[in-house]
Amino acid sequence: MPSENLRWETLQALKNSPKGNITFDPYWSERGEPILSGCKEPLSLSPHSGVILERLCALPLQKASFLGSSSGDSSPGLSEDIFTSLSSTGSIPDLNARRTPSLKAEREQAVSDEARDEDPEEDVSEFSCPASLPSISLLSPKAMETAGQIIRFAAEQQNKAKMALRLRQEMQEKLVAEVAEVASEQLKRFEEFMELKQRQEFQSMRDMLNRETKESIGRQEKLKEEQRHRLKILNLRLREAEQQRLREAEHERLRQSDGRERLRNLNTIQEEILQLNQLLEPSTQTKSDLPPASLSCFSTRGNQLCSQLSEVVRKTAEGEFPSVEDMTMSERALHEMRALIRLMQEEVAKAQEKKKKEQDEEEQGRKQVELQVQQEVQKKAVETAKEKAKRKGLQNSAEESTLKWFRELQEAAARCQEALQQLNCPKDAQTKKLKLELQKAASIPVSQISSNSGSQLREIFDKIDKLLSGRGLVSGGRTISTSQHPQGLDFVSYKLAEKFVKQGEEEVASHHEAAFPIAMVAAGVWELHPRVGDLILAHLHKKCPYAVPHYPPMKEGTTVEDYQRIIGYRVDDSGVEGQDSFLKRMSGMIRLYAALIQLRWPYGSKQGSAPHGLNHGWRWLAQMLNMEPLADITATLLFDFLEVCGHALMRQYQSQFWKLILLLKEEYFPRIEAVTSSGQMGSVIRLKHFLETSLQSRQIRPPKGQLNSAFWSS
C-alpha cells in the first residue's frame, strides 16, 4: 500500500535524523502508557543552528522584539529548546537575560499548544501560565523565523506521525479483524476437518470391527468345518470299531457254537459211557455166569474211563468248552468202553455155554445134592428177600397212577392247543389283532405281580378273573373280552397258564421271594377256574418233568437233542443250555410249585380243601424218595422244595414228616452222594446242611417272602 510505504519511510527518516531522537518502546501497551510517551524528551538543534544564531545576534533588539511579536505562531517551546541547546553548546551567550515577557508568553502558548496536541482530552487550563510572565524577544528575526519553521516542521512531522500511527492502528485493527475472521474460518475448517477425521476414524473402526467380525465368523466356520471333519473321522473310527466288535462277536459266536457243539457231543458221550458203565456194574450182572474177578476187572476199567471223562466234564462245569484233544480222548474212551462191553458180552456168552455144558454133565449129580441145593436156594431166597426189602420202592420211573395223571394232563393241554389252531394262525387282520390284544390282556397282569402291596395284588387278580369270566377288560385303551371269539376263553386260559409257568421259570429262578405272590394269584385263579389250574400243571410238567416227579426214559429212535428237550433242557441253534442255567430254571419252577400247593386265595368264597393242596406235596416228596436219585438234579430239587414247603408240611404232618426227613437223611442221602461226582457237590452240601440243621432243632423256619397279614392290609 502507498500510505503504508510512506509511513515506514517517514519513520525510517525520523529514526536516521540527528534532529530527533525518538525512542520507541514496544511494551508501552502492556504498561498502559500512551503511544507518544517516549516523544516528550526535549529536542535539540543541530550544531549548525548555532552558527546561524551567532549571525543573528548582531540584529537590534527592536527587530528581535518585532520578530518575536510577529512570530506569534511560532512554538515558544521550540525557541526555548533552541536557546537551551545554544547555551549548552557554549557557542552563543545565555539568552535567558534577554527574554522579554512577550517571548515568555509565546513559549507558554507554544507549550500549551504542544500539550493540547499530545493529549487533546486534557483541560487546557492545566498548562496556562500567568499573563504576567515576561515575553522573550529574539535579537535576530531571521533566526526566530528559522526556529519557528523548524518548530512547525517538527509539529507537522508529529501530526503526520500521529496520523500515520492512527492509520497504522486502523490497519492493525483491520488486520486483526481479518486475521480473527481468517482464524475463525480456519477454526471452522479445522473443526470440520477434525469431525471428518473423527468420522473417518469411526468408519475405519467400524470397518475394522466388521472385518474382525467377518474374520471371527470365518474362523468359526473353519472351526465348525474342522469339528465336522473330526466328527466324521470319529464316526468312521467308531464304525470301524463297531465292525471290529461285530467281527470279534461273530468270531466269538462261532467259537461258542463250536464249543457248544463239542459240549453236546461230550454230554452225549458221557451219557452213553455212563449207561454202558451201568452194564458193567456187578449189580446188573447177577444173572451172568462170569467169575467175580472178570466182572471186577471190567467194572474197574469202566470206572477209570468214567473218571477220565469226568475230568473233562469238570472243565466244562467251570465255564470252559472242551478242546479238540478232550473230544479225541472222550471218543477214545467211548470206543474202549464199547470194546469192554463187547468183550464182556463175549465172556458172558462163553460162560453161559460153559455153564450149560457143565449143567448137562452135572445133571445126574444134582439129585444127590438136592438137599444141599435147596438149602442154598433158601439161603439165596432169604438174601434176595432182604435185598429186595432193602431196595423196595426204588425205581427209575414214577408209579403208574402218577404217570397216568401226567399223561392225562398233557393230552388235555394238547387238545386245547389243537382247538386254538384258528386263533393261533389267524388269516385276517382283525382276528390277528384280536389275538394280540387277548394275549396282552392275559400276559401283562401276570408280569405285574409283585410283593409291593396286597391291594395291588388283588387288583391284578380281579383283572384276570374278569377276563376269564367273559366280562370286558380295558387294555390298551380298548375293551377286550373273551366273548369276542369262540376260542377266546380257551386261548386266554392256555396263555395265562403258560405265563404263570414262565414267571416261575424266569422271575422266581432269579428272585426266590417272588414265588409267593405269583403262586397266590395262581391259586386264586385255580380255585375259581379249575381248567386254568390243569393247564398250569400241564405246562409245569412239560417244562419240568421232575415236578411230577418223572424221569422220562430215552426211547429208541429218539435223538439226543430231542431227549434233552424232553427232560427239560433248552435246545436251540446255539446248542444245549449249560447245566447251571438248567438247574436254575428247574429250581424256579419247583419253588413255584412248592409255594402253590400250600397257598389259598384269602378272598375266595369256596369252602373245603384247596384244589391242589399239601397232600400233593407229600405225594411228590414220597415219590421222589421212592426213585433212584439223579446226580445234581435230585439234591437241588429236594433242597428247594423243602426250603419253600418244609415248614407247611411240618405243621400239617408233624411226626410223620420228621420220619420222612430222617429216612431221607439216613438212607436216601447216601444214595445221592454215591451218584454225585466231586464237581457237583454244591447242592448236596446245601441239602445236607439243611437236613442236619432241621433234625437237630426239630424245626424248619418259614420261607422268605411268605405273605403275612400285614401284606394284605397294605
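1. On the other side of helix H12 from its buried residues, Glu 400, Ser 401, Arg 415 and Glu 418 are exposed; exposed here means over 50% relative accessible area, buried under 20%, and partly exposed in between (1.4 Å probe, protein chains only). Helices are DSSP runs of H or I with at least four residues, strands are E runs of at least two, and both are numbered from the N terminus. Bear in mind that this is a predicted model: local features need pLDDT of at least 70, side-chain atom pairs count only at pLDDT 80 or more, and totals for chains, interfaces and linings use all residues. Residues are numbered from 1 along each chain as its sequence is written, and side-chain values use heavy atoms, with hydrogens and water left out.

2. Now the covered side of H12. Its buried residues are Thr 402, Leu 403, Phe 406, Leu 409, Gln 410, Ala 413 and Cys 416. Seen down the helix axis they fall within an arc of 155°, so they line one face of H12; the arc is taken over the directions from the axis to the C-beta atoms. These residues pack against H16, helix H18 (530-543) and H21, with contact meaning heavy atoms within 4.5 Å.

3. As for the length of H12, it covers residues 400-419, 20 in total, and spans 28 Å from first C-alpha to last, close to the 28 Å expected at 1.5 Å a residue. The expected span is 1.5 Å times one less than the number of residues.

4. On to charges. I find 23 salt bridges in the structure, each being a side-chain nitrogen of Lys or Arg within 4 Å of a carboxyl oxygen of Asp or Glu. Take Arg 245 and Glu 242, whose side chains meet at 2.4 Å, N to O. Both sit in helix H7 (residues 141-280), three residues apart, about one turn of the helix. Arg 245 is partly exposed at 44% relative accessible area, and Glu 242 is also partly exposed, at 35%.

5. Helix H16 (residues 488-510) holds a pair with that kind of spacing: Lys 495 and Glu 498 are three residues apart, about one turn. Their salt bridge is 3.6 Å, N to O. Lys 495 is buried, at 18%, whereas Glu 498 counts as partly exposed at 28%.

6. Arg 600 and Glu 527 are worth a look too, with their closest N and O atoms 3.5 Å apart in a salt bridge. Arg 600 lies in the loop between helix H20 (579-596) and helix H21 (614-625), and Glu 527 in helix H17 (residues 515-528), so the pair ties together parts 73 residues apart in sequence. Arg 600 is partly exposed at 28%, while Glu 527 is buried at 7%. Elsewhere, salt bridges that share partners join Glu 505, Lys 543, Arg 570, Glu 577 and Arg 585 into one network.

7. Disulfides: the count is zero, taking a pair of cysteine sulfur atoms within 2.5 Å as the rule. Cys 544 is buried, with 0% relative accessible area, and Cys 645 is likewise buried at 0%.

8. For the chain as a whole, there are 25 helices and four strands. Of its 714 residues, 35% count as buried. Among contacts with a separation of 6 or more, 77% are between residues 24 or more positions apart. The chain exposes about 43700 Å², with carbon and sulfur atoms supplying 52% of it; areas come from the Shrake-Rupley method with a 1.4 Å probe, and for residues only the protein chains shown count as cover.
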